[in-house]
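Here is a walk through one protein chain, taken element by element. Keep the sequence and the 3D view side by side as you read.

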Amino acid sequence: MNVAVCKVTLRLPENQSLKGKRKVINSLRTRIHNKFNVSLAEVEHNDAWQLSTLGITCVSNNSRHAEEVLSAVLAYIEDSRGDVELVGHEREIMTGF
């Protein structure tokens, strides 16, 4: 079993409230989950209205497939919305559970 984990930091420069942030992040989370079948949650910056950090995971029997899925998710985030800026990300693949 291979588990790919990615921590993505996003900036929402045009956002003015936690309610607006929640709307944007929930929409993005739903679209990513439906398109790529990965699990994700906001893991940091819960009270900051212009920053968000998402934890994204993919489980696969092939580490290359898991890496490709995470790469596709990152590309989707960069291309999908004009109001979300990808600030940084960290990736790791754990094998052999």
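Start with two strands, E1 and E3. Ten bridges join E1 to strand E3, residues 51–60, and the two run antiparallel. This is a predicted model, so every value here is computed from predicted coordinates. One bridge is easy to find: Leu10 has Ser52 as its partner in E3. Strand E4, residues 85–95, also pairs with E1. Again there are ten bridges, and again the strands run antiparallel. Here Val8 is a good marker, with His89 as its bridge partner in E4.

How well is E1 covered? Strand E1 spans residues 2–11, and seven of its ten residues are buried. The strand is thus mostly covered.

Leu10 deserves a closer look. It lies in strand E1. Leu10 counts as buried because its relative accessibility is 0%. Its contacts beyond four places in sequence include Ile25 and Leu28. Leu51, Ser52 and Leu54 are also among them. So are Ile77, Val84 and Leu86. Two distances help to place Leu10. From Leu10 to His33, the C-alpha atoms are 17 Å apart, with their positions 23 residues apart in sequence. From Leu10 to Ala75, the C-alpha separation is 13 Å, at 65 residues apart along the chain. Ala75 lies in helix H2. With a relative accessible area of 33%, Ala75 is partly exposed.

Now the first helix. H1 has 19 residues and reaches 26 Å from its first C-alpha to its last. That is close to the 27 Å expected at 1.5 Å a residue. Which residues of H1 are buried? They are Lys21, Val24, Ile25, Leu28, Ile32 and Phe36. These residues lie on the same side of H1, because they cover an arc of only 90° around the axis. What covers them includes E1, strand E2 (39–44), E3 and H2. Turn the helix to the face away from its buried side, and you meet the exposed residues Lys19, Lys23 and Asn34. Just after H1, Asn37 takes a positive phi of about 55°.

The second helix can be read in the same order. H2 has 18 residues, which should span 26 Å at 1.5 Å a residue. Its end C-alpha atoms are 25 Å apart, so the span agrees. Buried in H2 are Ala66, Val69, Leu70, Val73, Leu74, Tyr76 and Ile77. Their arc around the axis is only 160°, which puts them on the same side of H2. These buried residues pack against E1, H1, E3 and E4. On the other side of H2, Arg64, Glu78 and Asp79 are exposed.

Finish with the aromatic rings. The structure holds one aromatic pair. Phe36 and Tyr76 form it, edge-to-face, with 5.6 Å between centres and 75° between the planes. The pair links distant parts of the chain, 40 residues apart: Phe36 is in helix H1 (residues 18–36), and Tyr76 is in helix H2 (residues 63–80). Is Phe36 buried or exposed? Its relative accessible area is 18%, so Phe36 is buried. Phe36 has a charged neighbour as well. The charged end of Lys35 sits over the Phe36 ring, 5.8 Å from its centre.

Methods
Residues numbered from 1 in each chain as written. Predicted model: local features only at pLDDT ≥ 70, side-chain atom pairs only at ≥ 80, totals over all residues. Heavy atoms only, no water. Phe/Tyr/Trp six-rings, centres within 6.5 Å; stacked < 30°, edge-to-face > 60°. Helix = DSSP H or I, 4+ residues; strand = E, 2+ residues; numbered from the N terminus. Buried < 20%, exposed > 50% of the residue type's maximum accessible area, 1.4 Å probe, protein only. Lys NZ or Arg CZ within 6 Å of the ring centre and 35° of its normal. Pairing = 2+ DSSP bridges. Expected span 1.5 Å × (residues − 1). Arc of directions from axis to C-beta. Contact = heavy atoms within 4.5 Å.
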